[in-house]
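Biologist: I'd like to learn how to read a ligand site and the empty space inside a protein. Could you walk me through an example?

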Amino acid sequence: MAWRDVMCGELRAADAGRRVTVAGWVDTRRDHGGLVFIDLRDHTGKIQLVLKESDTAHELRNEFVVQAEGEVVARGAGAVNPNLSTGEVEIQVDELRILSRSAPLPFQLDDENVDENTRLRYRWLDMRTERMQRNLRISHTAVAGMRRTMDDLGFVDVWTPSMTRGTPEGARDFLVPVRLQPGKFFALAQSPQLFKQLCMVGGIDRYYQIATCWRDEDLRADRQFEFRQLDLEMAFVEQPEVLDVMEAAVVGAFEAVGKTPPPRPFPQIAYDDAMLRFGSDKPDRRFGMEIQDATEITRGSEFGVFKNAPCVRYIVVPKTFSRSEHERLEGFAKEWGAKGLAMLSQISKFLSEAELASFGVAEGETAFFVADEQEVVEKVLGLLRLEVAGELGLIPETDVFHWVVDFPLFKRDEETGAWTFMHHPFTAPAPGTDGWDESNPEGVRGQHYDLVWNGWELGSGSIRIHDVDMQQRVFRTMGLGEEEQSDKFGFLLEALAMGAPPHGGFAMGIDRFCARLAGEPDIRQMNAFPKISSGSDPLTGAPTPYTDVALKELGIRLVEPPA
Ligand code: ASP
């Protein structure tokens, strides 16, 4: 006998008269003079069961798993429930079996005030909610759409190892000790970057993978230790072809979940332009309020704060602000690293007619200025723009995708000041910028591109270096000597020296993308079993200490016992 022959959410008025068997979870129970009403739930919805009073009916509690058999009957006109898809009918049950009981619940599924750790601790209960059912199914459908697109475009799904050498993606590695090689460690792949490049050298041409990546970074709304990305690589391509494929994958995912896809081609913005106008390399372009530069005009200013600052920029907000509102925003600006936040109305007496005219601030508007090092100005005004637009409700509900292109190839390491990579060290320089002075690569551009959706960076990619001399030049610029190069990347240099085709690729974070699709504020809601910000898993209790015996086998002794 089948456990069920129809799903709870499927029954409609036309099914009246059918004899059916349903199975699912007790969502609610109500006793009414001689009758017991149950809403029975599975992932398709709920159906009302009507039971005659019996010992079994009385035993039922929320989240018991039951099987019920009976006749579908139309509800009387006054009893139709417009809030349920099955609200026109109910099942008059004559056979009821309890398949599984539930211990008292740590929280009611529909209670919206349960803290997240409790939900994650009992994730199997949380997963029964409509929200989690929806999120996990949206993820599935979107990924299926991406896979279909990749398959249609002739991409080959190649599995690459998780346990490998450290891959430089700008995060710390998770290490895996090995019993057979005591004292040595694998790193969990921060991405399949080098393996996918080797696939190109190996003649695969079009590689993709829904790849799990591991990065030891602080956890945030858009960051987990482990996450999946749509990872792809293509041989014999230029940048526009890679962007074209990624756009197709995004559109394929939108269509799969039944959402209107963004129009193609996605617009592009140059990195410098993004930093100037939006103060961010992942600008939210759903609204204007762009940052304006006032550095030139304030060089000769009477106002010392402006005159002496390396960079002066401002945003114009369509509202006037009281003193206390200004102070609150200035508080944020200081937290973000600014010395202050000047409001035009307060400083206009120090400024010349020419300066005031150039700012173009109209009646009812407010200009906020930051004067500082360029990086500080960019960061503070970029964040202020988002904060103010959010507070004033100026961000429309639309989907704006765009590419950020023309990134610098190198940047200064924040701690050491040494030159390091912007994306990763395998990104090719832009054509015509490849003859740089290795001690000062300032201004060298890379063929690197990022995809941004409403201010979320979805992923990055680049055209790669396929010439061994160029690869070594980039390594040298980053201060990697011959020995270190061959120790860390010898296999790559060898592969590049044995017939490497021109190639490039991209990787898009799937959880970030799906969170946006589902309208969720953080990726934990898209992940069946996520970790929390302390870096642990409330459900299994991992990570846990290991016994000395197990550690000894791995050649590991702890310096001091963990607190
Ligand atoms: N490996 C890069 C990343 O994981 C993506 C790429 O360059 O294809 O961000």
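Biologist: How many nonpolar, polar and charged residues does the shell around the ligand have?

Modeller: First, a caution: this is a predicted model, where local features need pLDDT of at least 70 and side-chain atom pairs count only at pLDDT 80 or more, while totals for chains, interfaces and linings use all residues. Residues are numbered from 1 along each chain as its sequence is written, and side-chain values use heavy atoms, leaving out hydrogens and water. The shell has two nonpolar, eight polar and four charged residues. Here Ala, Val, Leu, Ile, Met, Phe, Trp, Tyr, Cys and Pro count as nonpolar, Asp, Glu, Lys and Arg as charged, and the others, Gly among them, as polar.

Biologist: Which residues are the closest to the ligand?

Modeller: Of the 14 residues that surround the ligand (a heavy atom within 4 Å), the closest are Glu169, Gln193, Lys196, His423 and Arg464.

Biologist: What distances separate polar side-chain atoms of Lys196 and Gln229 from a ligand oxygen?

Modeller: Polar contacts are pairs of N or O atoms within 3.5 Å. For Lys196 the distance is 2.7 Å, and for Gln229 it is 3.1 Å. A side-chain N or O atom of His423 lies 2.9 Å from a ligand oxygen.

Biologist: And where is empty space left?

Modeller: Rolling a probe the size of a water molecule over the atoms reveals that. A cavity is a set of points on a 1 Å grid over the protein atoms alone where a 1.4 Å probe fits but cannot get out. There is one cavity of 30 Å³ or more, and residues with an atom within 4 Å of a point line it, including Leu120, Arg123 and Phe529.

How values were computed:
Polar contact = N/O pair within 3.5 Å; in protein donor to acceptor, adjacent residues only side chain to side chain. 1 Å grid on protein atoms, 1.4 Å probe; cavity = no way out; pocket = protein on both sides within 12 Å on 5 of 7 lines; lining within 4 Å. Points joined across faces, edges and corners; volume = space filled by probe spheres on them.
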